Amino acid sequence: MTRPVADNPRKNVVVIGAGMVGVCAASYIQRAGHQVVMVDPQPPGEGASFGNAGCFNPSSVVPIAGPDTLKKVPGYLLDPLGPLAIRWSYLPQIAPWLLRYAYAGSSAARVEKQAEALKTLLFGSLDYLMPLVANANAETLVKRNGILIVYRSERSWQADERAWNIRRRAGITWHDLDTDELRQFDPSLARDLIRAKHVPGNGHTVDPGGLVAALAAAMVSDGGQIVRTKATGFKIESGKLLAVSTESGEIPADAAIIAAGAHSKALAALAGDRVPLETERGYHLVVREPEAMPRVPTTDAEFSFVATPMSGGLRLAGTVELAGLQAKPNWRRSRMLLERAANLLRGLPKDIPEKRLSMWMGHRPSLPDSLPVLGRSQRSGDIFHAFGHGHVGMTAAPYTGKVLADLVSGRPPPIDLSPFRPDRF
Ligand SMILES: Cc1cc2nc3c(=O)[nH]c(=O)nc-3n(C[C@H](O)[C@H](O)[C@H](O)COP(=O)(O)OP(=O)(O)OC[C@H]3O[C@@H](n4cnc5c(N)ncnc54)[C@H](O)[C@@H]3O)c2cc1C
């Protein structure tokens, strides 16, 4: 890789967390001419970035909490296997987050502002991802054939109109497919689907964990370092960062990035910022050698999950469970995805031998207003937050990396960072 000459002194930068956000940050900071050390107790891409639906969706500008979604919440919560579930024992801890979530989604004007802010991080996703992918020789891991959102009834089609209006205003383009066009586009889909939207500008990876690992390996062969340890704090003197403390000792640093996903809250507090970060737990189920595979990642609008064609098989991913970081997974939520998918893909049975299935649960790092925390910390101008990308972390990571490279290099950020401030709540 030819590394551009930095327009400022070379810094030693410690990136905490080797998920998609940390790895993209490390790669762009390295490209700006700095020396990067990434710390993580796990190998790269083993957190939320491992098990997601793999979509790079600039169209995901619609915040999760909105006037329409809030109306559906009570119904969802009565169904323990619905798209949104809560462990009632966790309610006291998550109640303040839920109140903020309801507030964030209760006004159309507020939602519109959040969408505008999200757009700034999502719009350039593939443009900023592909140079990193090319540098890592990982082109076979990324497909650019768009995605599909499918509907079973006119009611659900109409109910999504507000979301599509937000996307239209954000400049997203798509094709409406009627029943016949949908069957021609993908004959593997169920015959009771009546309509679909095809978003051609989106892309996906056939192996999210493998992609993160490949980008991390390229960062190392370009001169960066990965240290397998847990970051525990910061050594700061008069506002200047001196080192990042880890379980294996101190790593000298001129700048640090907090990109520890759903585990970032305590580190952010040590950097002077109290943020209402929660985990929206999600599940996946992978069917190896599946009887049916969609042509492109396909979202079932009614049941809120995605069926993605991946190198390891058919991945069914989605659902939200509010139960914190410690509770054991409820694998019935993974299994339920297979039942739903059997109604989406023709010929996919509901019963598949265990040996062809694998299940996973992971932690979306989520703020109540669907926006990450991105920017300088209170305690030191050398520490930068980069966490809380919720449902869109794979998509938003590449441009987040570019923003961080500018901040670390002392350049003005290329976008307005005020919607992402840690103290906005
Ligand atoms: C079911 C599901 C489907 C999804 N589908 C999509 C999708 O299609 N498209 C999309 O854009 N997004 C999707 N997402 C969201 C996306 O996966 C996340 O937003 C994204 O992976 C977050 O990346 P991250 O790097 O912030 O966190 P992570 O990938 O979780 O990485 C954080 C890393 O920090 C490390 N860490 C934690 N604490 C410390 C510490 N103290 N010191 C050092 N390291 C530490 C962890 O070990 C981990 O490796 C989905 C999520 C789920 C759950």
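A polar contact here is a pair of N or O atoms within 3.5 Å. With that cut-off in hand, let us walk through this predicted model, starting at the ligand.

**Around the ligand**

Three polar contacts of the ligand are easy to set side by side.

| Ligand atom | Protein partner | Distance |
|---|---|---|
| oxygen | Val21, polar backbone atom | 3.1 Å |
| oxygen | Asn52, N or O atom in the side chain | 3.2 Å |
| nitrogen | Ala53, polar backbone atom | 3.1 Å |

The ligand has 1,000 Å² of accessible area on its own, and the protein covers 94% of that. Which elements give two or more residues to the shell around the ligand? They are the helices α1 (20-31), α2 (48-51) and α13 (393-408), together with the strands β15 (278-287) and β19 (357-366). There are 37 residues around the ligand, and those that come nearest are Asp40, Ser49, Cys55, Gly390 and Thr395. By residue class, the shell holds 18 nonpolar, 16 polar and three charged residues.

**A small open sheet**

Cys55 leads us from the ligand to a sheet, as this residue stands opposite His204 in β9. The sheet is open and has three strands, ordered β3-β9-β5 with antiparallel pairing. Its edge strands, β3 (55-56) and β5 (142-143), each pair on one side only. Between β3 and β9 (residues 203-205), which run antiparallel, there are two bridges.

**Helix α6 and the residue after it**

Helix α6 spans residues 125-135, and its buried residues are Ser125, Leu126, Leu129, Met130, Leu132 and Val133. After the helix comes Asn137, with a positive phi near 50 degrees.

**Two more positive phi values**

Two loop residues also deserve a look. Ser238 has a positive phi near 50 degrees, although this residue is not a glycine. Its place is the loop between β11 (231-237) and β12 (240-246). Is Ser238 buried or exposed? Exposed means over 50% relative accessible area, and Ser238 counts as exposed because its relative accessibility is 83%.

Glu289 is another residue other than glycine with a positive phi, in this case about 45 degrees. Glu289 lies in the loop between β15 and β16 (298-300). The relative accessible area of Glu289 is 67%, so this residue is exposed. Strand β15, at one end of that loop, is also among the elements that give two or more residues to the ligand's shell.

Terms used. Residues numbered from 1 in each chain as written. Predicted model: local features only at pLDDT ≥ 70, side-chain atom pairs only at ≥ 80, totals over all residues. Heavy atoms only, no water. Buried < 20%, exposed > 50% of the residue type's maximum accessible area, 1.4 Å probe, protein only. Helix = DSSP H or I, 4+ residues; strand = E, 2+ residues; numbered from the N terminus. Pairing = 2+ DSSP bridges. Near = heavy atom within 4 Å. Polar contact = N/O pair within 3.5 Å; in protein donor to acceptor, adjacent residues only side chain to side chain. Areas by Shrake-Rupley, 256 points an atom, 1.4 Å probe, with all protein chains shown as cover. Nonpolar A, V, L, I, M, F, W, Y, C, P; charged D, E, K, R; others polar.
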